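Here are some worked exercises to try with the model open beside you. Attempt each task before you read its solution.

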Amino acid sequence: MPEHETAAEQTTPASDVGRFLHRRREQIAQRWADEPLFRTVFTVSRDEAVEAGRVLVDALAQVAETGRVADTDAAGFTAVREQLTGMVASRARFGLTSGQVSTEVDGLRPPAVTLLAADLPEATPEHLRECTTLLTVLMGTLRLVVLETSLSEGQALIDRQQLELMEATTPVIRLWDGIVAVPLIGTLDSARSQVVMETLLESVVDQQARFAILDITGVPMVDSLVAQHLMKTVAAVRLMGAECVVSGIRPAIAQTIVHLGLDLGTVVTRSSLADALAYALKRLGADIVIAAPGGAGPR
Amino acid sequence: MNHDLSLSSAHVPVLRLGDVLLITLQGDLHDGTAEQLQRDIAEQIVRSPVTGVVIDISGVEIVDSFLGRVLAEIAASSRLLAAQTVVAGMRPAVAITLVELGLSLPGLRTALSTEAALGMLATASPGGPRREPR
């Protein structure tokens, strides 16, 4: 029986686990450094892995001492979250799923539990069991924190890619002196149409374009919202002093627009980009003349 | 509104180039100035053989429904006096704001720059009613 300890301070399982983590910090960190999670992340130097392990043990000890072992928002976890993010991201780059990373985190538990049993040889079986349970819960919470981190990492990645995709899919092309075109591909939502509008208007100013062609060949469907976005873009282009032509309206979309009863009356529409370009060129006063009449053409 | 007296009392100059009036708006337009401007333009059109009005708003960075209404009113009153109004050099941000405000100013003619606006007025039939309604 650890009488000397009982006399000095109270021994709840939580405080026992906290003290154990402090006492055996070095040993746990050394063992963890050999576990797959640390070994694969810190490939260059083992010392780094041990150092990372120490930080993690400190954080866990802090959480254990506050008694909030099941709380993922405990102060201790906040401190190591950044480090965990780095480790999770590194594992994710190897192609591991969140579940696999979580299993690797679970691999940290057995060494710690083994050390705990060795650390409290004089404890009653009941007390030891309580401590072990507590440590297990603590490690489970750590696992949850890691999972949370990796999920939020994934979400951040998706957000970033969405933004990049949005920018990549709205190129403004200069077709002719004073004629720019945007081929729209994919679904038009309000965020996207905002980007389209901004980039198109900027290029109208840059190129001093008198005509802007919105080609919607790649837009899978047009509903009243999309139509409204198109109308807004057309109106903004007109306010700038240029003219907007909507092209690439497929038969099915034309029918949908009619069935929805949408009024595109003020918008100049053409069935294909070529038609729209021809219209714009004609309005600019440029004529397309096929060279070498009567001669053997290239086609 | 009253943060800068010198600015709010400043006149917007109305320049006459041949048969075209040229107005350049800079920064904020205050109630009093706008009213004065509308009066000036109408008087100038009546006094001299003006067939076109060009309003350059490339210096305007912030727009509200008030400015939109002023532009529409200038255009409407000029049309009554047989002069065409062209708004030139609107910035992208201003255009987006106006559209989001629901002010697409349908009766207003627009041009990319003052030069383009003058060219537009020169090609339009002199003195006639507005051509090519878009």
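**Exercise 1. How many residue pairs are in polar contact across the interface of chain A and chain B, and which elements of chain A give two or more residues to its side?**

Step 1. In this predicted model, six residue pairs, both members at pLDDT 80 or more, make polar contact across the interface of chain A and chain B.

Step 2. On the side of chain A that touches chain B, two or more residues each come from H10 and from helix H11 (224-240) of chain A. H10(A) gives the largest share, seven residues.

Step 3. Sort the residues on that side of chain A by character: nine are nonpolar, three polar and seven charged.

**Exercise 2. Find the salt bridge across the interface of chain A and chain B, and check it against the distance rule.**

Step 1. The search across this interface returns one salt bridge. Its partners are Lys232(A) and Glu100(B), with 3.1 Å from N to O.

Step 2. The rule asks for a side-chain nitrogen of Lys or Arg within 4 Å of a carboxyl oxygen of Asp or Glu, and the Lys232(A)–Glu100(B) pair is counted as a salt bridge.

Step 3. Over all chains, the whole structure holds 14 salt bridges. One pair to inspect is Arg19(A) with Asp16(A), whose side chains meet at 2.9 Å, N to O. These two residues sit three apart in helix H2 (residues 13-23) of chain A, so about one helical turn separates them.

**Exercise 3. What area is buried between chain A and chain B, and which three residues of chain A supply the most?**

Step 1. Count the residues in contact: 19 come from chain A and 19 from chain B.

Step 2. About 1,600 Å² is buried between the two chains, and carbon and sulfur atoms give 61% of it.

Step 3. Of the area that chain A buries against chain B, 41% is supplied by Arg238(A), Leu239(A) and Met240(A), more than any other three residues.

**Exercise 4. Trace the open sheet of chain A and say which strands stand at its edges.**

Step 1. The five strands follow the order S1-S2-S3-S4-S5, and their pairing is mixed. Strand S1 (173-176) and strand S5 (268-270) of chain A each have a single partner strand, so one side of each has no neighbour in the sheet. From one strand to the next, the twist averages 30°.

Step 2. Look at an antiparallel pair: S1(A) and S2(A) are joined by three bridges, with Arg174(A) partnered to Val180(A) in S2(A). The two strands make a hairpin with two residues between them, and Gly178(A) in the turn has a positive phi of about 85°.

Step 3. Now a parallel pair: S3 (residues 211-218) and S4 (residues 243-247) of chain A share five bridges. Here Ala212(A) is opposite Cys244(A) in S4(A).

Step 4. Add the helix: H10 (residues 190-207) of chain A lies across S1, S2 and S3 of chain A, at about 165° to S2(A).

**Exercise 5. In what order do the strands of the open sheet in chain B run, and which helix lies across S2, S3, S4 and S5 of chain B?**

Step 1. The order is S1-S2-S3-S4-S5, with five strands and mixed pairing. Strand S1 (14-17) and strand S5 (109-111) of chain B are the edge strands, and the twist averages 25° from one strand to the next.

Step 2. S3 (residues 52-59) and S4 (residues 84-88) of chain B run parallel, joined by five bridges; Val53(B) stands opposite Thr85(B) in S4(B).

Step 3. The helix is H5 (residues 114-123) of chain B, which runs at about 165° to S3(B).

Technical notes. Residues numbered from 1 in each chain as written. Chains lettered and ligands numbered in written order. Predicted model: local features only at pLDDT ≥ 70, side-chain atom pairs only at ≥ 80, totals over all residues. Heavy atoms only, no water. Pairing = 2+ DSSP bridges. Helix = DSSP H or I, 4+ residues; strand = E, 2+ residues; numbered from the N terminus. Axes fitted to C-alpha atoms, helices over the stretch in contact; angles between N-to-C directions. Contact = heavy atoms within 4.5 Å. Buried area = accessible area lost by both parts, 1.4 Å probe. Polar contact = N/O pair within 3.5 Å; in protein donor to acceptor, adjacent residues only side chain to side chain. Nonpolar A, V, L, I, M, F, W, Y, C, P; charged D, E, K, R; others polar.
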